[in-house]
Amino acid sequence: MSDELIPETPGEAQEPIKQRKNGLYPGVSDELAENMKSGWADTELHGLEPIAQAAHTAARRAALSARFPGERLVIPAGNLKTRSNDTEYAFRASTEYAYLTGDQTQDGVLVLEPKDGGHVATIYLLPRSNRENGEFWLDGQGELWVGRRHSLAEAEQLLGIPAKDVRELRAALTEATGPVRNVRGHDAGVEAALTDKVTAERDEELRVYLSEARAVKDDFEIGELQKAVDSTVRGFEDVVKVLDKAEATSERYIEGTFFLRARVEGNDIGYGSICAAGPHATTLHWVRNDGDVRSGDLLLLDAGVETHTLYTADVTRTLPINGTFTDLQRKIYDAVYESQEAGIAAVKPGAKYHDFHDASQRVLAEKLVEWGLLEGPVEKVLELGLQRRWTLHGTGHMLGMDVHDCAAARREAYVDGTLEPGMCLTVEPGLYFQADDLTVPEEYRGIGVRIEDDIVVTEDGNRNLSAGLPRRSDEVEAWMARVKQA
């Protein structure tokens, strides 16, 4: 009887495949081990078509090559992360890796090696599980347990990149010479192999470049963002249909309802859904989603579907749970709507990035002065930022494969930069009156309103990708009535 099998993997010694400590089988007989080696059909796939974004990822790699000539570039997908004991979180490839390859498999690494004035790209992946040494059925990540993965030959057809066994990579990186850059924070094994070959400064330059490269979206990316938004619109409709069930349970019914749409039509949610009813709407990132849903209160729903290619929507609507705004709710909502209208109008090519934020904040400051919550003049309020007690956050951000896309970009290329056609951003002003804020009238306390849409800059202005969801207060009420009756 053998308690463990040792895989024979070229290029790197492997840990033995160990038995579960409290497994019901104490070991594997030689006869069973031999039996499991044979009798399996050949499932290799042939004649595969490249993935939809293959031409785009090739162009992105070419631009990356031109930016860092003569340097080896290493971009990992990342590894599984433990949730508890021997269970892991669902894997999500690093944005940089997925952007350059279209691949989403764990442990993958893209390497661009300098050659003849350019680079040769190789993608390092886990191959099919080894059946000879029992890996496929004894290892916790063997294909019998977690499902089939593509062979290296299949990956090459799909991605348009030569593929090699990732288990050979660490030795190759250890022996590498010349300047190297690595996207840090995703693969500790890769970082260990490169520890004496990289510098923090060079690696940060690579990360910043890949962040800024995503600022202007190509046609494929804009199409994916529209898919994400369209699914998100349907998810919001799903929620409106079940508000009565949410009232009988909690905000988690809303969270679960939207999640179902995200998993059926996309890869996942793009970020933790904010399903904030009543005073929870004043908490900017309320993701506990365990509170009561009450008729007469508002529901602030901030949620987005992530597509199978990892592009996410980011949409917010604030809805009257019973379908009708009260007079005060409407007054606050309409102020935020007017602020958002001003912000969206400022999104156009050639405008400064912060123009939409400034336009939105000015409207909100004017309203706060008009309501007597702040003392004017408005210019002084804006200069001192006094409106921020109730507006809290910036009015938007870049959007793409990350919900807060391009986050590592330089300030001069982002918030101090200029809008260009193809950029996609959110416009999301809000007003939040905390339940314990004694500086506002009691009736304001516990009301939070945010309206958020996904806007792409066009050659002559902008396009609202999420226009399928009504925004004006009377249109919201009419839409909710229609959806509930459908």
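A: Here's a definition to start with: on a 1 Å grid over the protein atoms alone, a cavity is a set of points where a 1.4 Å probe fits but cannot get out, and its lining residues have an atom within 4 Å of a point. We'll try the idea out on a predicted model, where local features need pLDDT of at least 70, side-chain atom pairs need 80 or more, and totals for chains, interfaces and linings use all residues. Residues are numbered from 1 along each chain as its sequence is written, and side-chain values use heavy atoms, without hydrogens or water.

Q: OK, which residues line the largest cavity here?

A: The general trick is rolling a probe the size of a water molecule over the atoms, to show where empty space is left. In this model, the lining of the largest cavity is made by Q53, R60, A98, G102, Q104, F220, T309, Y311 and M401.

Q: And what is the volume of the largest cavity?

A: About 50 Å³; volume here is the space filled by probe spheres set on the grid points, which are joined across faces, edges and corners. Searching the whole structure turns up one cavity of 30 Å³ or more.

Q: Let me step back. How many helices and strands does the protein have?

A: There are 17 helices and 17 strands. Both are DSSP runs numbered from the N terminus: helices are H or I with at least four residues, strands are E with at least two. As for the overall extent, the C-alpha trace spans about 80 × 55 × 40 Å along its principal axes.

Q: What percentage of the residues counts as buried?

A: Out of 486 residues, 51% do. Buried means under 20% relative accessible area, exposed over 50%, and partly exposed in between (1.4 Å probe, protein chains only).

Q: Now a single helix. Which residues of α2 are buried?

A: A54, T57, R60, R61, L64 and S65 are the buried ones in α2. You've already met R60, in the lining of the largest cavity.

Q: Why do they line one face of the helix?

A: An α-helix has 3.6 residues a turn, so residues three or four places apart point the same way. Looking down the axis of α2, the buried residues fall within an arc of 140 degrees, so one face is lined by them. That arc is taken from the directions from the helix axis to the C-beta atoms. A55 and A66, on the other side of α2, are exposed.

Q: How should I read two aromatic rings? Why is the pair F236 and F258 edge-to-face?

A: You describe a pair by the distance of the centres and the angle of the planes. Rings of Phe, Tyr and Trp (its six-membered ring) pair if their centres lie within 6.5 Å; planes under 30 degrees apart are stacked, over 60 edge-to-face, and the rest tilted. That rule gives nine aromatic pairs in this model. For F236 and F258, the centres are 6.0 Å apart and the planes sit at 90 degrees, so the pair is edge-to-face.

Q: Where do F236 and F258 sit in the chain?

A: F236 belongs to helix α10 (residues 219-241) and F258 to helix α12 (residues 251-265), so to speak two distant parts of the chain, 22 residues apart and linked by the pair. F236 is buried at 0% relative accessible area, and F258 is buried at 0% too.

Q: What about the rings of Y353 and F356?

A: Their centres are 5.2 Å apart and their planes at 85 degrees, so they're edge-to-face. Y353 is buried at 5% relative accessibility, and F356 is buried at 1%. Ring pairs also join W371, W390, F433 and Y444 into a cluster.

Q: Back to α12 for a second: is E265 buried or partly exposed?

A: E265, in helix α12, is partly exposed at 26% relative accessibility. The C-alpha atoms of E265 and T232 are 9.4 Å apart, with their positions 33 residues apart along the chain.

Q: Last one: backbone angles. Which residues does a cis peptide bond join?

A: G376 and P377, with omega about 5 degrees. P377 lies in the loop between α14 (355-370) and α15 (378-384).

Q: And what is the phi of D116?

A: D116 has a positive phi of about 50 degrees, even though D116 isn't a glycine. This residue sits in the loop between β4 (109-115) and β5 (118-125), and is exposed at 76% relative accessibility. L392 has a positive phi as well, near 65 degrees; L392 is in the loop between α16 (388-391) and β13 (424-427), and is partly exposed at 32%.

Notes:
On a 1 Å grid over the protein atoms alone, a cavity is a set of points where a 1.4 Å probe fits but cannot get out, and a pocket is an open set with protein on both sides within 12 Å along at least five of seven lines; lining residues have an atom within 4 Å of a point.
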